[in-house]
Amino acid sequence: MLTTRVIPCLDIKNGRVVKGIRFANLRDAGDPVEQAVRYEREGADELVMLDVSATIEGASTALDVVSAVREQLSIPLSVGGGVRDTQHALNLLKAGADKVGINSAAVRNPNLITELASEVGSQCVVLSIDAASRIGSDGWEVVTHAGTFRTGIDAVEWAQSAEVIGAGEILLTSFDQDGTRSGYDTALLREIRKITSLPTIASGGADGAQHMVDAIRAGADAVLAASIFHDQRTTPNELKLKLAQSGIEVRKP
Amino acid sequence: MKEVQIIDTGIANIASVKAAFDRLGCNTAITNNADVIRQSEYVVLPGVGSFGAGMRALNRFGLGQVIVDRITSNAPLLGICLGMQLLCSSSEETRGVNGLGIIDAEITRFPNSVRTPQHGWNRVSDGYAYFSNTYRLSTIPDGWDGELSFHGESFVAMLRRGTTLACQFHPELSGDWGKNILSEWLQCREGVSTC
């Protein structure tokens, strides 16, 4: 039976791992290759790398980081952050990514997902959605540009269209919860699970196994976390042991 | 040093496949040249994307017959993911397109009751393998050894016959367990019946 994945996330800026709160206040958190290798050894099921440089130079450095990580890593590598167009996505795949996540560019032009999927297959295309609670009303809206731009687009409806436009997976980040260590947005996950059968990765707010159990019970197929791993407060294997004790199927060491 | 040629069917995740064989100390190269593929010691047919696109790529470079000939003469060949499916006769994914027909079977879609694509680690024999697929082979065909896995219902994770190995999963992304699968296959010799 298919197991639930635990996925460490590396935010990369100018070739280094960084970590912030609500996408801001970035601090240095180490060398990407070293960390990738350590996470694989500690039981990571997959790795997500997000380029948060948001500059052309940063994007080209990110390609080098992807190649260097790929040389060492024998688990899946999903790369996103500032992917602008099909060529940019293809470059990342060529450098060694197994999947590419598209965020803001897909909001501007959903056809980008369709184009990329027809070229490389849906399995390689992840729709990254950053969602924030609407201000003054119910529901969630899609935010872009590191949360600085509120699009007004309904996050649940956007997720519903993911499969139709050709995505093979959804990476769902709660902007409200990111970096807060207060748990994933389970209400949002439950809404998303109702409307799509695509594999969905929960992201934003994890501080331990119980948060992950809650997200999985709310419908997540995989759980992503960053700071709990960077700060070496736990390992994927340790967390998966706890998930298994809660009756969740995981890949055992 | 073992020479491994990886068939370039377009984009696939060739970098991951190449990196995995490089880590095993192989002399690894990427090619779509029929002569190179005919003569090489070890050949890998990787692939992501659709069945139709995969066959189109093989036909464009005139590689279909070369792969069939290799398997017929028991020269080591590894098919990964779509590369395994292309060895079959047809697929629900792209109707009307003939596969290589080495395995007389049709590839079908997972039932609607399960998550697709199947993204993640699933149990295969004594370990876990990483899968990324929506279509699959349902039963082990006559004349092949294999391993089944389970996603809604059982499906073929891996097939072996002589020096041909076909994996629905990605051994290059399946950690140390996958590494062992690759190094066992590299013990195969042309003409030797099992490995």
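The questions and answers below concern a predicted model with chains A and B.

Reader: Which secondary structure elements does chain A hold, and how many of its residues, as a percentage, are buried?
Author: Chain A holds ten helices and twelve strands. Buried residues are those under 20% relative accessible area. Of the 253 residues in chain A, the buried share is 61%.

Reader: What radius of gyration does chain A have, set against that of a compact globule?
Author: The C-alpha atoms of chain A occupy a box of roughly 40 × 40 × 40 Å along the principal axes. For 253 residues, a compact globule would have a radius of gyration near 18 Å. The value for chain A agrees with this, at 17 Å.

Reader: How many helices and strands does chain B have, and what is its radius of gyration?
Author: Chain B comes to six helices and twelve strands. Its C-alpha atoms fill a box of roughly 45 × 35 × 30 Å along the principal axes. A compact globule of 195 residues would have a radius of gyration near 16 Å, and chain B agrees with 15 Å.

Reader: What percentage of the contacts in chain B at least 6 apart in sequence join residues at least 24 apart?
Author: In chain B, 60% of the 195 residues count as buried. Contact here means heavy atoms within 4.5 Å. Among the contacts in chain B between residues at least 6 apart, the share joining residues at least 24 apart is 64%.

Reader: What part of the exposed area of chain A comes from carbon and sulfur atoms, and how far apart are the mean positions of its charges?
Author: Chain A exposes about 9700 Å², and carbon and sulfur atoms supply 49% of that area. The chain carries 25 positive and 33 negative charges. The mean positions of these two sets in chain A lie apart by 4 Å.

Reader: Is Gln35(A) buried or exposed?
Author: Gln35(A) belongs to helix H1, residues 32-41 of chain A. Beyond its neighbours within four places in sequence, Gln35(A) is in contact with Leu10(A), Val17(A), Ala29(A), Gly30(A) and His230(A). Its relative accessibility is 7%, and because the cut-off for burial is under 20%, Gln35(A) counts as buried.

Reader: How far apart in space are Gln35(A) and Pro8(A)?
Author: In sequence, 27 residues separate Gln35(A) and Pro8(A). From C-alpha to C-alpha, the distance between Gln35(A) and Pro8(A) is 9.7 Å.

Reader: Which residue of strand S11(A) is the bridge partner of Ile170(A)?
Author: Strand S10 of chain A, residues 169-174, pairs with S11(A) in the parallel sense over four bridges. Both faces of S11(A), residues 200-203, are covered: Ile201(A) and Ser203(A) are buried on one side, and Thr200(A) and Ala202(A) are buried on the other. The partner of Ile170(A) in S11(A) is Thr200(A).

Reader: Which strands stand at the edges of the open sheet S5-S6-S9 in chain B, and why is one side of each left without a neighbour?
Author: The sheet has three strands in the order S5-S6-S9, with mixed pairing. Each edge strand has a single partner strand, so one side of it has no neighbour in the sheet. The edge strands of chain B are S5 (88-91) and S9 (135-136).

Reader: Which residue of S9(B) stands opposite Arg109(B)?
Author: Strand S6 of chain B, residues 103-109, runs antiparallel to S9(B), and two bridges join them. Opposite Arg109(B) in S9(B) stands Tyr135(B).

Technical notes. Residues numbered from 1 in each chain as written. Chains lettered and ligands numbered in written order. Predicted model: local features only at pLDDT ≥ 70, side-chain atom pairs only at ≥ 80, totals over all residues. Heavy atoms only, no water. Rg over C-alpha atoms; globule rule 2.2 N^0.38 Å. Buried < 20%, exposed > 50% of the residue type's maximum accessible area, 1.4 Å probe, protein only. Areas by Shrake-Rupley, 256 points an atom, 1.4 Å probe, with all protein chains shown as cover. Lys, Arg positive; Asp, Glu negative; His and termini not counted. Charge placed at Lys NZ, Arg CZ, Asp CG, Glu CD. Pairing = 2+ DSSP bridges.
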